[in-house]
Amino acid sequence: MTTSPVFSPNAARETPVISDAAYLGSLKKVTQYYIVTALLALLVGTLMGPLQALNYGGINVYDTPILKALLKSYYQGLSLHGVLNALVFTQFFISGWMLYLPARDLGMRINMKFAWFTYILMTAGLLVAAVPLLTNNATLLYTFYPPMEGSPVFYIGAAVMVGSSLLVVGQVVNMWLRWKRANPGRVTPLVAFMCVATWMMWFVAALGIVTEVVFLLIPWSLGWVAGVDPLISKTLFWWTGHAIVYFWVLPAYISWYAFLPKHAGGRIVSEPLARLTFVLFLLNSTPVGLHHQYADPNISNAWKTVHMFLTFLVVIPSLLTAFSVAASLEDAARARGGKGLFGWMTRLPWGKPMFAAPVLALISFILGGAGGVVNASSTFAPVVHNTAWIPGHFHITVGTATTLTFMGISFWLIPHLTGKRLPSVRLASAAVWTWFVGMMVFALGMHWQGLVGVPRRALVSGAAQNVYKEMPIQIPQLLTAISGMILLVSMLLYFYVLFRMLLSRRVDDGEVSSPIPYSEVISPASPNLAGASALVRYTEPLMALWGVALLLVLLMYGPVLARLFANAELVPGWRLY
């Protein structure tokens, strides 16, 4: 372990020095492997994206000879798009990002053999699951609801891949506990605190899908049991399925809070407030999934209502983040001479891709959060449920808030890890802005189509009946089709920049040329608990708060699942593809 730098109020944190060059090189290498694997998954997944956009633009490209040779159906393409982008890309990027950050922030050594083993195991799970996906034996979409049944190979591979992320949880929490024992009475540094809280939340959230896949879907698909209850599986899926959104978004929050102010030339407004935000997400991200099941039977309306109000509570840390980050940006802009109520915004470095990407991502998440309130409402949800509104919403939360932030992170993280340089700021900026514009146009078109009743997850462009062409949707159809082309251009720009950077030669020391961009703080937390504010003291005991989070999810799901198991109706599997 290395010694943390001397605390200086308001100053930007300095990364603790690691003198063991071999260890640091191995830590950076495994992080690079996670990040690059994630981005390769994003590349393949996003290649399917324009096809989905054209479908909702009324253009059926799935019947062309080339696509028929590559994809068996629209639904196979949609399954690849959803699994690779929503599960593989996010999990690999987050596992690398949030293993590296706390290790560097705490200055602690980790077991590199175990870190490499976890990466290899996660990759093996991905490759195993990819085989049935590519051969059309796991065309189950992102949610893989039974009784539609896929190959057991897919379920086993997915279980290994997701389960591997829990090994990262164990390594990070173990590292943090060792740091706490070595530094009694000290306050956890902010970035490490946010990483640990996020991993704790994910552990609680992942219990639902791990239970579903390991104990229900794998035995069922192998023929070991006669059937499966679809409602039990669906409930366990949404135990994880909604909370996973915060597992995707909170790593972006870390960038927004800790590093974005530095890119803007500003300061973190309040470190205690950032800690409170992550604790609120830890406690309240998971017991909210029943708002996805308003139409499902055998779940009482009372429990659905409780989950609805708990979902509304998630708005609180989101609003805290919006106001806190906006204040950091205003601080930066006014330091650059910005004036007026809105005029200060023009003084921000919009041409800097590592700044523009997270800010545009934050803007999209504000819009997505407003739509999320609609989705969570028992009054409004039935209007938009299972319509094109839902993927429109999904693409401005995960598709923009998370993906665009991760793109921005890659512009400084890869140079930091490799000593290579971003080859073109202009092209990187073009990729960022076209992604944002494309996603906003896509979201507008899809939300609009959803409001007039166009269904989600449907080959609407190939419908035998003309029903969707007779509806007043020509304008949103056009917008959706155009958005797919904009996003294709953005993807090509981004991966051109990425591969030029990865394939270039090392030119300098990334520790010097691209250090971790810690921001200064206006209202810091004291380094010692004895002198810290009440808010810092109450949020520091993460182990106890982790227990409370687990208790809350058991209280919110235990009675519901007990009733479902007591009235279970097992059905056999059904294979459409």
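Is R457 buried, exposed or partly exposed? R457 counts as partly exposed, with a relative accessibility of 23%, where buried means under 20% relative accessible area, exposed over 50% and partly exposed in between, for a 1.4 Å probe and protein chains only.

The exercises below use a predicted model, in which local features need pLDDT of at least 70 and side-chain atom pairs count only at pLDDT 80 or more, while totals for chains, interfaces and linings use all residues. Residues are numbered from 1 along each chain as its sequence is written, and side-chain values use heavy atoms, with hydrogens and water left out.

**Exercise 1. Place R457 in the chain, describe its backbone, and relate it to L141.**

Step one is the location: R457 lies in the loop between helix 16 (425-451) and helix 17 (467-470), where helices (H or I, at least four residues) are DSSP runs numbered from the N terminus.

Step two is the backbone: phi of R457 is near 50 degrees, which is a positive value in a residue other than glycine.

Step three turns to L141, which is found in the loop between helix 5 and helix 6 (152-182) and is buried, with a relative accessible area of 15%. Although L141 and R457 are 316 residues apart along the chain, their C-alpha atoms are separated by 8.5 Å. With contact taken as heavy atoms within 4.5 Å, and not counting residues up to four places away in sequence, L141 touches Y75, L78, S79, V83 and R457.

**Exercise 2. Find the backbone features of N136 and P147 in the loop between helix 5 and helix 6.**

Begin with N136, which is found in that loop between helix 5 and helix 6; N136 has a positive phi of about 70 degrees although it is not a glycine, and at 11% relative accessibility it counts as buried.

Continue with P147, which is found in the loop between helix 5 and helix 6; the peptide bond from P146 to P147 is cis, with omega near 15 degrees.

**Exercise 3. Classify the ring pair F93 and F406, and then look for other aromatic arrangements.**

A pair of aromatic rings is described by the distance of the centres and the angle of the planes. Rings of Phe, Tyr and Trp (its six-membered ring) pair if their centres lie within 6.5 Å, and planes under 30 degrees apart count as stacked, over 60 as edge-to-face and the rest as tilted.

First, by this rule the count comes to 43 aromatic pairs. Second, the rings of F93 and F406 have their centres 4.3 Å apart and their planes at 5 degrees, so this pair is stacked. Third, because F93 lies in helix 4 (residues 74-106) and F406 in helix 15 (residues 389-418), the pair ties together parts that are 313 residues apart in sequence. Fourth, F93 is buried, with a relative accessible area of 0%, and F406 also counts as buried, at 0% relative accessibility.

One aromatic cluster is formed by Y142, F144, Y145, F154, Y155, F237, W238, W248 and F394.

For charges over rings, the test is that NZ of Lys or CZ of Arg is within 6 Å of the ring centre and within 35 degrees of the ring normal. R109 lies over the face of Y23, at 4.4 Å from the ring centre, and the charged end of R275 sits over the ring of F193, 5.0 Å from its centre.

**Exercise 4. Determine which residues and helices line the largest cavity.**

On a 1 Å grid over the protein atoms alone, a cavity is a set of points where a 1.4 Å probe fits but cannot get out, and lining residues have an atom within 4 Å of a point.

To begin, the count comes to 4 cavities of 30 Å³ or more, and about 70 Å³ of space lies in the largest cavity, a volume being the space filled by probe spheres set on the grid points, which are joined across faces, edges and corners.

Next, the lining of the largest cavity consists of A86, L87, T90, Q91, V162, W202, I209, T240, I244, F247 and W248. Helix 4, helix 7 (190-221) and helix 9 (243-264) each supply at least two residues of this lining, and helix 4 gives the most, with 4 residues.

Finally, the lining residues divide into 8 nonpolar, 3 polar and no charged, where Ala, Val, Leu, Ile, Met, Phe, Trp, Tyr, Cys and Pro count as nonpolar, Asp, Glu, Lys and Arg as charged, and the others, Gly among them, as polar.

How values were computed. On a 1 Å grid over the protein atoms alone, a cavity is a set of points where a 1.4 Å probe fits but cannot get out, and a pocket is an open set with protein on both sides within 12 Å along at least five of seven lines; lining residues have an atom within 4 Å of a point.
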